[in-house]
Amino acid sequence: SSLAAGRRVGPRRAHGTPHKAGHPPRGEAPERAAMSALQAAGNFMVGGAYGKPIPNMNTLGVRSLREDYLKPAARADIVRNLRVIEERYDRDSAVLEPVASEERIELPRFQHLFAGGELMPPSIFMQALELQPSENLNGQHMPFDKDVLVLRDNLVVTYKPLTMKIRQLNSKEIDELPLRPVATFARAWVAFETAWLRNKEVHAVQALQPLAKAIISLEPLLLSLDKERLLPWPRVQHQKVVTLKCLEGFMQSLSDLASSVMPSLSRELDHDSRLLLLMDHVLSLRGEKSVNSSLDGVSATPNVNFPNHQGHRGDSNGALHDSNRGLTLDAYSFRLLGGSVGDAVAAGKLKHDAGNGQAGRAKLAMSGTSVEISNLRGAGVTHETAAGGSKETEISKRASAHAEELLGAFEAIKDFLLSLKSTLELIDPALDRDQAFMGQLHRFERCFRRAKRLFLEPDNLA
């Protein structure tokens, strides 16, 4: 049998004597910590206080037995029965094997199950009774190992004779519970707990992979943005290209994360990072920084091409776009919103020292406006077609609100992901049931879809 892989029966001291009942020591050898769930279960199931292995239980009919124990009348007895079993175990704990598995300490994700201090927490036994062949985490079907199901059935089978003995104890037919079935149940408990917790941890790690990748891809983006603040002109332009690549990688990871916890009809299917550049550009032309965005100045990234689905309009537009590469950001913004870098400079809202990484200077250079001319504009000069001018288009006015909304949602989901970085070993892997996380993600997806439909071609042509 695969459960007869070893002869050790639990955590032991260096000189070979078993520990007292309770939590195992922290100073275990590394090879014990690396033991697989199946080996650990075999070690606990083989041997025991009486020197005899637990028999291979016949698990036929265990399903109906589990259903009986899950009925309301039997549920109420479980807590009391486990307390009686634990009290009987404590009286002879010196000659019995420890109940607490190593996983109680090694796996911090499940330590809340043992916060009550019980050796045999009723919540674990209830989960054993309710255990299905598989579980669903974030839309993924994750089956349990067959050994976990066998050990679950063995635990239920060893619990059945104890219920009859407890009835006799309550009716004064016997003075105390026999030690043999208590020891058998304790070994079955540790075997199931070890294998079950190991399987649960494996499932949790698999379910949290999209979240971990999103957090990992976010760090290079933040590092690149910090470098932009330190580099001189024009070296900062090369760093902005790196920042855009990092932003594209993060948006792809965020898209994968959203696809694992949200249905396709509730999320954006293509997270085009150029939309974030456009939204930053909109706010920079207004001279407003109502949102403290980490993407401040990203719109000054050179050689970013936007779609041109309106065809050619003669040679007069030759300076605005390359027919083979598409429109520049400023040309696209002018065609869509009616505002441009020239209007913002004329209105005194765009300066060469505005934005992270000398973004204002980069915009002036890309538009052909010299730094000297931009410094001549006074703050009181208002260009009619600029943002806030008398001839500002209606879509330009709406764009500012959408830009603030989207960039604010981006900051919120970014900060939330960073807050989870140090808690990946602790959090519940069922992210789709986390209201705080899903609220932030839904907010970002909703803002992104709306802004993309309005401002990014060809979506806004529908």
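## A tour of helix H6, two cores and the H5–H8 salt bridges

Select helix H6 (residues 122-130): its buried residues are Pro-122, Ile-124, Phe-125, Met-126, Ala-128 and Leu-129. Buried means under 20% relative accessible area, exposed over 50%, and partly exposed in between (1.4 Å probe, protein chains only). Helices (H or I, at least four residues) and strands (E, at least two) are DSSP runs, numbered from the N terminus.

The model is predicted, so local features need pLDDT of at least 70 and side-chain atom pairs count only at pLDDT 80 or more, while totals for chains, interfaces and linings use all residues. Residues are numbered from 1 along each chain as its sequence is written, and side-chain values use heavy atoms, with hydrogens and water left out.

Next, show what covers the buried residues of H6, including helix H3 (62-69), helix H4 (72-91), helix H7 (146-170) and helix H8 (179-207).

**The cores**

Move to Leu-211, Met-279, Leu-417 and Phe-437, the residues with the most contacts inside the largest nonpolar core, which has 56 residues. Among the helices that each supply at least two residues of this core are H9 (209-228), H10 (235-261), H16 (394-419) and H17 (435-455). A nonpolar core is a set of buried Ala, Val, Leu, Ile, Met, Phe, Trp, Tyr and Cys residues joined through side-chain atoms within 4.5 Å.

Center on Phe-437: leaving aside neighbours within four places in sequence, its contacts (heavy atoms within 4.5 Å) include Leu-211, Leu-257, Val-261 and Phe-416. Then select Val-62, Leu-96, Ala-183 and Trp-189, which belong to a second, separate core of 47 residues.

**The salt bridges**

Now go to Glu-103, in helix H5 (residues 103-106). Glu-103 is buried, with a relative accessible area of 3%. Which residue forms a salt bridge with Glu-103? The partner is Arg-198, with the closest N and O atoms 2.8 Å apart. A salt bridge is a side-chain nitrogen of Lys or Arg within 4 Å of a carboxyl oxygen of Asp or Glu. This pair links helix H5 to helix H8, 95 residues apart.

Keep Arg-198 selected and add Glu-106: their side chains also meet in a salt bridge (2.3 Å, N to O). Arg-198 is buried at 18% relative accessible area, whereas Glu-106 counts as partly exposed at 29%.

Further along helix H8, select Glu-201, which forms a salt bridge with Arg-109 at 3.1 Å between the closest N and O atoms. Arg-109 lies in the loop between H5 and H6, so the pair ties together parts 92 residues apart in sequence. Both residues are buried.

Finish at Arg-88, Arg-91, Asp-92 and Glu-176, joined into one network by salt bridges that share partners.
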